[in-house]
Amino acid sequence: MSKGPSQIQKIARKIEILLERMNGLDFSTVIPVGELGFDEALVSKGSPSGNKYLTNLLSDLNIKQTDNILDIGCAKGGGLRCMTKFPFKNIDGIEISDVLANIAVKNFKKLNEPRVNITNINAIEFSHCADYDFIYLYNPFPESIMEKVLTKIQNQISSKKEVVIIYYNPVFHDQFEGYGLYKITEYHDMWGNGIKIYSNIKKSRRFASEKCNKF
């Protein structure tokens with residue numbers, strides 16, 4: 001069951017926001033969906049997910065310098081920032097909100113991180129999933145939109161190349177296996193929601209066997 005932040009976690013978040021502002025960054029503040037001009041029934045709020053749990057997960061992956069990763073619904077780029085710790089060739093994010101996308105662009109310009117590219121686009125309209133070795137989602141959509149996005153992913157990726165999908169806060173995880181994806185393993189997260197890992201092939205080559213079944 002999902003749990004809310006503790007008092008210590010709330011204080012830590014406030015300190016994190018203060019430190020970001022002192023450095024001209026903004027990854028951690030959350031703008032309500034309504035203020036961005038979107039329907040909450042169609043768009044989930046963009047919350048930061050670049051924490052130690054995501055870092056630990058990525059550390060277990062066999063990431064190569066030729067690999068590309070895509071964050072679908074990247075918001076201000078908190079998850080992308082975590083990904084820059086690893087040797088990806090390209091670290092891309094797509095975001096439907098131009099406000100959030102522009103903030104993300106400014107963040108990575110400030111950090112002078114040339115591998116990160118942000119595109120302001122509706123995920124349903126994105127047609128380049130085949131360019132990526134890893135796809136990351138932090139529960140960015142309600143169920144009806146997730147179905148459409150999974151259909152797009154299924155139609156674009158090839159069985160000739162493994163694509164690993166990282167689904168943080170996997171509210172609609174039951175949908176994934178119906179789209180030609182196989183659950184490889186799962187990880188704990190801070191809130192008790194978990195992180196599930198899927199692949200388009202039954203036996204992933206991205207994890208050592210001892211790293212699977214983290215729960």
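**Exercise 1. Work out where Leu-150 sits and which residues Leu-150 is in contact with.**

Step 1: find the element. Leu-150 lies in helix α5, residues 143-156. Helices here are DSSP runs of H or I with at least four residues, strands are runs of E with at least two, and both are numbered from the N terminus.

Step 2: check the cover. Leu-150 has a relative accessible area of 2%, so it is buried. The cut-offs are under 20% for buried and over 50% for exposed, with partly exposed in between (1.4 Å probe, protein chains only).

Step 3: list the partners. Contact means heavy atoms within 4.5 Å. Skip the neighbours within four places in sequence, and Leu-150 is in contact with Gln-175, Phe-176, Tyr-179 and Leu-181.

Step 4: try a distance. Leu-150 and Ser-97 are 53 residues apart in sequence, and their C-alpha atoms are 20 Å apart in space.

A word on the ground rules: this is a predicted model, where local features need pLDDT of at least 70 and side-chain atom pairs count only at pLDDT 80 or more, while totals for chains, interfaces and linings use all residues. Residues are numbered from 1 along each chain as its sequence is written, and side-chain values use heavy atoms, with hydrogens and water left out.

**Exercise 2. Do the same for Phe-134.**

Step 1: Phe-134 belongs to strand β4, residues 134-138.

Step 2: its relative accessible area is 0%, so Phe-134 counts as buried.

Step 3: leave out residues up to four places away in sequence. Phe-134 then touches Leu-61, Ile-63, Asp-67, Asn-68, Ile-69, Leu-70, Phe-88, Val-164 and Arg-206.

Step 4: go from Phe-134 to Glu-162, 28 residues apart along the chain, and you'll find 8.7 Å between the C-alpha atoms.

**Exercise 3. Two loop residues, Asp-189 and Lys-85: which is buried and which is exposed?**

Step 1: place them. Asp-189 is in the loop between β6 (182-187) and β7 (195-199), and Lys-85 is in the loop between α3 and β2 (90-95).

Step 2: read the accessibilities. Asp-189 is at 7%, so it counts as buried. Lys-85 is at 58%, so it counts as exposed.

Step 3: look at what surrounds Asp-189. Apart from neighbours within four places in sequence, Asp-189 is in contact with Tyr-53, Tyr-168, Gly-194 and Ile-195.

Step 4: add the C-alpha distances. Asp-189 and Leu-54 are 8.1 Å apart, with their positions 135 residues apart in sequence. For Lys-85 and Leu-58, 27 residues apart along the chain, the separation is 9.3 Å.

**Exercise 4. Where do you find positive phi values in residues other than glycine?**

Step 1: take Ala-75, with phi near 55°. Ala-75 lies in the loop between β1 (68-72) and α3 (78-83), and at 4% relative accessibility it counts as buried.

Step 2: take Asn-112, where phi is also positive, near 55°. Asn-112 lies in the loop between α4 (98-110) and β3 (116-120). Its relative accessibility is 65%, so Asn-112 is exposed.

Step 3: add a glycine. Gly-24 follows α1 and has a positive phi near 75°.

**Exercise 5. Test the length of helix α1.**

Step 1: the expected span is 1.5 Å times one less than the number of residues.

Step 2: helix α1 (residues 7-22) has 16 residues, so it should span 22 Å; the end C-alpha atoms are 23 Å apart, which agrees.

**Exercise 6. Zoom out to the whole protein chain.**

Step 1: count the elements. You get five helices and seven strands, in the order α-α-β-α-β-α-β-β-α-β-β-β.

Step 2: check the packing. The globule rule is 2.2 Å times the number of residues to the power 0.38, with the radius of gyration taken over C-alpha atoms. For 215 residues a compact globule would be near 17 Å, and the chain has 16 Å, which agrees. The C-alpha trace spans about 45 × 35 × 35 Å along its principal axes.

Step 3: finish with burial and contacts. Buried residues are 48% of the 215. Of the contacts between residues at least 6 apart in sequence, 69% join residues at least 24 apart.
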